[in-house]
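Here's a walk through the fold, starting from one strand pairing and working outwards. Have the viewer open as you read.

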Amino acid sequence: MNELGVPTCQNLIGGEWVPAASGEVFENRNPADTGDLIGYFAKSSRTDAERAVDAAARAFEPWRLVPAPKRAEILFRAAQLLVERKERLARDMTREMGKVLEEARGDVQEAIDMAFFMAGEGRRQHGQTAPSELRDKFAMSIRQPIGVCGIITPWNFPMAIPSWKILPALVCGDTVVLKPATLTPLSAWNFVKVLEDAGLPPGVLNLVTGGGGDVGNALLESPVVSVVSFTGSTEVGRTVSTKAAPTFKKVHLEMGGKNIIVVMDDADLALAVDGCVWGGFGTTGQRCTAASRVAVHRKVYEAFVDQYVRQVRTLKVGDGLDPSVQMGPSVSRGQVETVMHYVGVGRAEGATLACGGHALDTGAYAKGFFHEPTVFTDVHPQMRIAQEEIFGPVVSVMPFESFEEAVAIANGVEYGLSASIYTRDINLAFRAMRDLHTGLFYVNAPTIGAEIHLPFGGTKNTGNGHREAGEAALDVFSEWKSIYVDFSGRLQRAQIDTE
Ligand code: NAD
């Protein structure tokens, strides 16, 4: 702490809290009030990342030999500590990235849920046993830890996303170097501290704060790192994939989205409107699963738009620590400028600006990155505002004439994370479940709201085929080993000795 009570938070490397090798730091400020300096964090470089990788490599051998149920007991203790510290951690999160307090509590709750779930995996991690084609021979498969994992995370779920990656890695017996987003180092620091306090041995989890170009690249290029798990934009994901390729490490990518809610003409309109408001403007539209597109059947289009816009106009924007506020700031100046840019694009493309469209920068908003919740209507599916991820409080509403057209609109983007349908027709609901090409799908609920025990991830340019959360996460952080035990006492040749 300095004389003004502003803390300096260090890296965790090999069980020691240490400054960056350069001694440099960067600032973390509140996006609702940039006069509020939250802390200084280590501005790390390649040297720091390499030290952390070395520490993780040294810790791997003893850690992989700790029985998985014992590893899991540490996760269980971490879950209990997260429960105890939930309110403080949520307040820290709202202060550093702006989401309203209720949602920040939900973010911490996801880490709690994941910690309890992965603690349970300490006594599961089931493999298979299978009959052998030969006599007196036993066949089975087991999960094995892989080694050092480099984990690179975004700012929008600053505790939940690190937990989705770190906890399965740890229970599988891997060791970790975490590089969180530079906009949200405090929530990552808080999470790592919980795991340290829960009793994790030195070096098993290391934290290195700093930029993607410095710290991130060192993890991607390291021959010692066996797995990289990245969540972030599709653009950076492509760099991650390319930079990691020469060392043949496993690369798990969770990237952007342009998610859609389809509202059929038989939908409960009030329910659909509630879902579209929450899906579009929850977390200020800064969720990978945000419902940034809404397609509405022509027969109910006018009625829907009327109710939707009316409700969006009532959203109270402000500091997320104020309990009456429903939508916080964008996370940074850059993010609010992106929003303003796309509002200009939408206008130029000829969409109708039904509400919002302005940055809020006077009075109580003057020191933050606020923007009105914004709805464009009469949007054509090929417009840029209907194709590109904006990652802010901007929703594009489009009319359609038939279910088939709605499916074509839904699938007509480069992303494939989440989609939803509002209908009372069970046949249409099942057709949509089958035909929309996304990793997540909802019926009569918005595109957000995944639970931690099912696989999470997307198709097309949203992901590269892996899934996180649930049991599926174990596939990212472990490797299968198939084992054959011949107890016949003689040479038996598979595929050759048939008797
Ligand atoms: P980003 O891609 O800018 O950054 C993500 C992380 O990568 C950060 O830690 C950043 O420092 C790091 N990074 C940047 N350049 C790097 C490089 N060259 N090498 C290595 N690391 C580098 O994303 P963001 O702005 O933090 O997050 C928003 C994006 O994340 C959105 O596109 C959103 O859709 C996506 N997201 C996806 C999911 C999902 O599960 N699919 C979840 C949350 C967020």
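## Around strand 21

Strand 21 and strand 22 (residues 440-443) run parallel, joined by four bridges. Keep in mind that this is a predicted model. If you want a pair to click on, S418 has L440 as its bridge partner in strand 22.

What links these two strands? Strand 21, helix 13 (residues 426-435) and strand 22 together make a right-handed β-α-β unit. Helix 13 lies across strand 21 and strand 22, and it runs at about 170° to strand 22.

Strand 21 also has a partner in strand 13 (residues 260-263): four bridges join them, and they run parallel. Here V263 stands opposite Y422 of strand 21.

How many residues of strand 21 are buried? Five of the five, residues 418-422, so strand 21 is largely enclosed by the rest of the structure. As a rule, side chains in a regular strand alternate between the two faces of the sheet. In strand 21, S418, S420 and Y422 point one way while A419 and I421 point the other way, and all are buried.

## The two open sheets

Strands 13, 21 and 22 belong to an open sheet of seven strands, in the order 15-18-19-14-13-21-22, with mixed pairing. Strand 15 (352-355) and strand 22 are the edge strands, each pairing on one side only. From one strand to the next, the twist averages 20°. Further along this order, strand 13 pairs with strand 14 (residues 293-297) in the parallel sense over four bridges, and I261 has V294 as its bridge partner in strand 14.

There's also an open sheet of three strands, in the order 6-7-24, and its pairing is antiparallel. Its edge strands are strand 6 (128-131) and strand 24 (478-486), each pairing on one side only. Neighbouring strands in this sheet are turned by 20° against each other on average, ignoring direction. Strand 7 (residues 137-145) and strand 24 run antiparallel, with nine bridges joining them. A139 stands opposite Y484 of strand 24.

Here are some of the strand pairings side by side.

| Strand pair | Bridges | Sense |
|---|---|---|
| strand 13 and strand 21 | four bridges | parallel |
| strand 21 and strand 22 | four bridges | parallel |
| strand 13 and strand 14 | four bridges | parallel |
| strand 7 and strand 24 | nine bridges | antiparallel |

## Zooming out

The protein chain has 14 helices and 24 strands. Its C-alpha trace spans about 80 × 70 × 40 Å along the principal axes. How does the radius of gyration fit with a compact globule? For 499 residues, such a globule would be near 23 Å, and the protein chain has 24 Å, which agrees. Buried residues make up 56% of the 499 residues. Of the contacts between residues at least 6 apart in sequence, 74% join residues at least 24 apart.

Helix 6 (residues 212-221) shows how one helix is packed. Its buried residues are V215, G216, N217, A218, L219 and L220. What covers them includes helix 1 (46-64), strand 8 (148-152), strand 9 (175-179), strand 11 (225-231) and helix 7 (234-244).

## Two loop residues with positive phi

F248 lies in the loop between helix 7 and strand 12 (250-254). Its phi is near 55°, a positive value in a residue other than glycine. A469 sits in the loop between strand 23 (459-460) and helix 14 (472-477), and its phi is near 70°, again positive in a residue other than glycine.

Buried or exposed? F248 is exposed, because its relative accessible area is 76%, while A469 counts as buried because its relative accessibility is 3%.

## Cysteines

How many disulfides are there? A search of the whole structure finds zero. Why is C355 not bonded to C276? The closest cysteine sulfur to that of C355 is the one in C276, but it is 13 Å away, so it is too far for a bond. C355 counts as buried because its relative accessibility is 5%. C9 also counts as buried, because its relative accessibility is 7%.

Methods. Residues are numbered from 1 along each chain as its sequence is written. Side-chain values use heavy atoms; hydrogens and water are left out. A disulfide is a pair of cysteine sulfur atoms within 2.5 Å. Buried means under 20% relative accessible area, exposed over 50%, partly exposed in between (1.4 Å probe, protein chains only). Two strands pair if DSSP finds at least two bridges between them. A crossover is right-handed if, with the strands pointing away from the viewer, the path from the first strand over the helix to the second runs clockwise. Axes are lines fitted to C-alpha atoms, for helices over the stretch in contact, and angles run from 0 to 180 degrees between N-to-C directions. The radius of gyration is taken over C-alpha atoms; the globule rule is 2.2 Å times the number of residues to the power 0.38. Contact means heavy atoms within 4.5 Å.
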